[in-house]
Amino acid sequence: MNHRYTLAALLTAVMVSPHSVSAIDYTQYDAVVDPILEQMTLAEKIGQMTQAELDALKGLGEIADLALGSILSGGNSDPEAGNSVAAWADTYDACQRAALESRLGIPLLYGIDAVHGHSNVEGAVIFPHNIGLGCANNAELVEEIGRLTALEVRATGINWTFAPCVTVPRDDRWGRTYEGFSEDPARVAVLGAAAVRGIQTDDLADPAAVLGCAKHFVGDGGTIGEVRESSFHEKPGMFWDQGDTRCDEDTLRRIHVAPYLPCLEAGVGSIMPSYSSWNGVKCTGSKELLTDLLKDELGFDGFLISDYNAIDQCHPDFKTAVGIAVNAGVDMAMAPTSFRKYIRVLTELVDEGVVPMSRIDDAARRVLRVKAAMGLLDEDPAVLTDPRFATGVGSEERRAVARQAVAESIVILKNDGVLPLNPNVGSYHVVGAAADDLGMQCGGWTIDWQGKMGEVTTGGTTILDAIQERVGANRLTSCQKNAAEEPVDATVVVVGEKPYAEGLGDNAELTLSDEDLAVIERAIASDSPTVVVLLSGRPLVLPPAVLDGADAIVAAWLPGTEGDGVVDVLTGAESPKGTLSFSWPRSADQHPLNIGDEGYDPLFPVGYGLSYPVGATAEQPTSSYAR
């Protein structure tokens with residue numbers, strides 16, 4: 001590759017000192033790994049390179065029989081006994097015991113998508129999605145969220161999360177926009193590295209540490225909209241997910257590669273290649289990106305884990321696809337249901353000389369290096385669930401941190417003096433489908449892969465509940481659709497996007513639903529000041545009737561379980577601190593719209609946000625720009 005951007009230059013560009021490549025030198029564990037590697041058969045090495053989905057196993061005996069290196073539970077894959085902390089812990093322990101029964105007794109890496117808290121598990125705290133944390137722009141807070149998430153993950157025994165996402169979304173019509181901290185690579189770099197530090201701590205062998213996974217390498221946020229078929233939809237349409245990022249190498253490095261450098265410096269042990277392509281070549285099958293750039297030039301000495309069935313996309317013939325991906329640099333295959341076939345064809349490829357033995361040794365060594373750093377290859381490793389961690393799951397202390405994160409992520413887009421609401425006097429009316437819907441607050445990747453409307457089994461407080469607790473039931477009325485029958489001091493309208501995740505989240509329009517717009521318009525037409533609270537995974541287009549008619553507009557993003565944090569800002573208990581980490585468009589056809597573009601003309605720019613001091617009241621408006 002063209003090396004015009006050196007490692008030092010990239011690090012400097014994202015404000016990280018280039019004094020070291022990685023806080024953890026994984027090669028130091030080769031002295032532990034090499035004697036094990038010498039004992040391993042080809043089948044055992046390939047086993048370490050393989051990840052199977054829990055519910056695709058014929059029985060846990062397959063873990064030892066195939067010498068599997070890893071198990072995962074996907075977004076909809078839960079233990080048979082239920083979704084409780086105890087059920088997860090029992091399942092994890094059973095899998096590890098099975099692994100210890102293999103000839104070499106090498107423990108498993110168990111992976112899960114704990115992307116905004118331990119979001120698959122009942123009772124866990126659900127933190128704001130990354131888009132909100134990007135607006136908070138508080139690296140210490142992001143690190144603390146990573147640490148608390150790791151503690152809740154370890155309560156279930158699990159030792160690996162596929163997080164953080166260090167994507168740089170450049171077109172908000174992409175359905176994974178909310179997984180990114182910002183369109184600004186510098187902000188992503190700082191917050192991504194903070195998340196790695198929180199998840200992994202400063203010692204992967206610490207019982208409270210969890211292996212992190214920076215994803216998706218590289219350019220997943222830069223894909224262009226294409227009219228094509230999608231496995232998520234019955235009909236062809238416009239899609240951005242798993243698409244093609246078309247740019248020159250300098251742009252790729254400056255925007256999309258740069259945020260990975262601080263993650264490497266923070267010692268991230270695993271990285272996930274992207275489903276997407278760069279200039280027509282699948283990242284999962286690109287030796288130029290995975291080996292030449294990431295491993296050789298940037299010095300990454302952990303391991304690469306492919307995304308869910310991503311290897312299949314490298315070529316129509318599965319065996320050919322496996323050869324392409326492994327030779328490109330994939331060290332572990334996430335082959336959830338095809339893991340047996342993967343093992344068989346990779347063995348054939350080695351026997352045929354298509355995949356050299358040196359590549360197998362390198363891949364197995366990289367996986368084992370990370371396991372050694374985690375203490376899993378110690379003489380007497382502590383691999384089973386530590387029951388001490390179960391007591392803190394969903395605790396009030398952790399929910400307080402989530403509540404703080406919600407408050408800091410709120411961005412006030414407009415305020416004609418109605419905010420902050422006075423919780424001690426006046427009467428209020430709350431409307432909108434999202435006001436009393438914990439599922440909408442949390443968004444995708446919450447219990448279910450795509451998320452869901454209504455109650456979720458994590459517990460939490462809706463915005464309506466929080467307002468009622470703050471002002472008292474006697475001064476609050478609520479109706480999902482209608483304006484108040486009598487004038488009130490303010491009508492709070494809570495609307496937004498229904499939950500979604502990858503694929504199903506692609507959206508060319510980015511508009512509120514007709515029902516939401518009707519609710520807002522009825523509130524504006526009443527005799528009461530109107531506060532519109534938007535729950536969304538990206539900036540939404542605001543029609544003139546809303547933009548001009550509402551007295552206040554608040555971007556609350558996908559705040560998670562702690563609706564109190566939204567109300568803390570609405571009532572002035574917390575001063576608004578959030579500033580936009582994404583450009584807010586005037587219309588959807590402005591996309592892609594990013595700071596630094598020629599002719600940059602958003603409705604609200606990156607860095608925009610209004611504020612008022614704690615304790616202010618609507619009678620004493622003190623709004624000002626916070627940059």
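In this predicted model, a search for enclosed space gives 7 cavities of 30 Å³ or more. The largest cavity holds about 150 Å³ of space. It is lined by 17 residues, and those closest to its centre are V115, N130, I145, G146 and A195. Helices account for part of this lining: α6 (130–136), α7 (139–155) and α8 (185–200) each supply at least two of the residues. Among the contributors, α7 gives the largest share, with 4 residues. As for chemical character, the lining of the largest cavity consists of 12 nonpolar and 5 polar residues, with no charged ones.

Open space can be described in a similar way. The largest pocket contains about 400 Å³ of space. Its lining is made up of 25 residues, of which Y275, Y308, W445, W449 and E502 are the closest to the centre. Charged residues do take part here: the lining of the largest pocket divides into 10 nonpolar, 9 polar and 6 charged residues. A reader who would like to find both spaces in the structure may start from the central residues, namely V115, N130, I145, G146 and A195 for the largest cavity, and Y275, Y308, W445, W449 and E502 for the largest pocket.

Attention now turns to a small piece of the strand architecture. An open sheet is formed by 3 strands in the order β5-β9-β12, with parallel pairing. The edges of this sheet are β5 and β12 (303–304), each of which pairs on one side only. On one side of β9 (residues 270–273), the pairing with β5 is parallel and runs over 4 bridges; here C213 stands opposite S270 of β9. On the β12 side, β9 is joined by 2 bridges, again in the parallel sense. Two residue pairs help to locate this contact: S270 has F303 of β12 as its bridge partner, and I271 stands opposite L304 of β12. S270 can thus be followed across the sheet, with C213 facing it in one direction and F303 as its partner in β12.

Burial can be described for two of these strands. In β5 (residues 213–217), 5 of the 5 residues are buried, and the strand is mostly covered. In β9, S270 and M272 point one way while I271 and P273 point the other way, and all of them are buried.

Aromatic contacts complete the picture. A pair of aromatic rings is described by the distance of the centres and the angle of the planes. Across the whole structure, 8 aromatic pairs are found. One aromatic cluster is formed by W160, F162 and F303; of these, F303 has already appeared as the β12 bridge partner of S270. A contact between a charge and a ring is also present: the charged end of R388 sits over the ring of F389, at 5.9 Å from the ring centre.

How values were computed:
Residues are numbered from 1 along each chain as its sequence is written. This is a predicted model: local features need pLDDT of at least 70, side-chain atom pairs count only at pLDDT 80 or more; totals for chains, interfaces and linings use all residues. Side-chain values use heavy atoms; hydrogens and water are left out. Buried means under 20% relative accessible area, exposed over 50%, partly exposed in between (1.4 Å probe, protein chains only). Two strands pair if DSSP finds at least two bridges between them. Rings of Phe, Tyr and Trp (its six-membered ring) pair if their centres lie within 6.5 Å; planes under 30 degrees apart count as stacked, over 60 as edge-to-face and the rest as tilted. A charge sits over a ring if NZ of Lys or CZ of Arg is within 6 Å of the ring centre and within 35 degrees of the ring normal. On a 1 Å grid over the protein atoms alone, a cavity is a set of points where a 1.4 Å probe fits but cannot get out, and a pocket is an open set with protein on both sides within 12 Å along at least five of seven lines; lining residues have an atom within 4 Å of a point. Grid points are joined across faces, edges and corners, and a volume is the space filled by probe spheres set on the points. Ala, Val, Leu, Ile, Met, Phe, Trp, Tyr, Cys and Pro count as nonpolar, Asp, Glu, Lys and Arg as charged, and the others, Gly among them, as polar.
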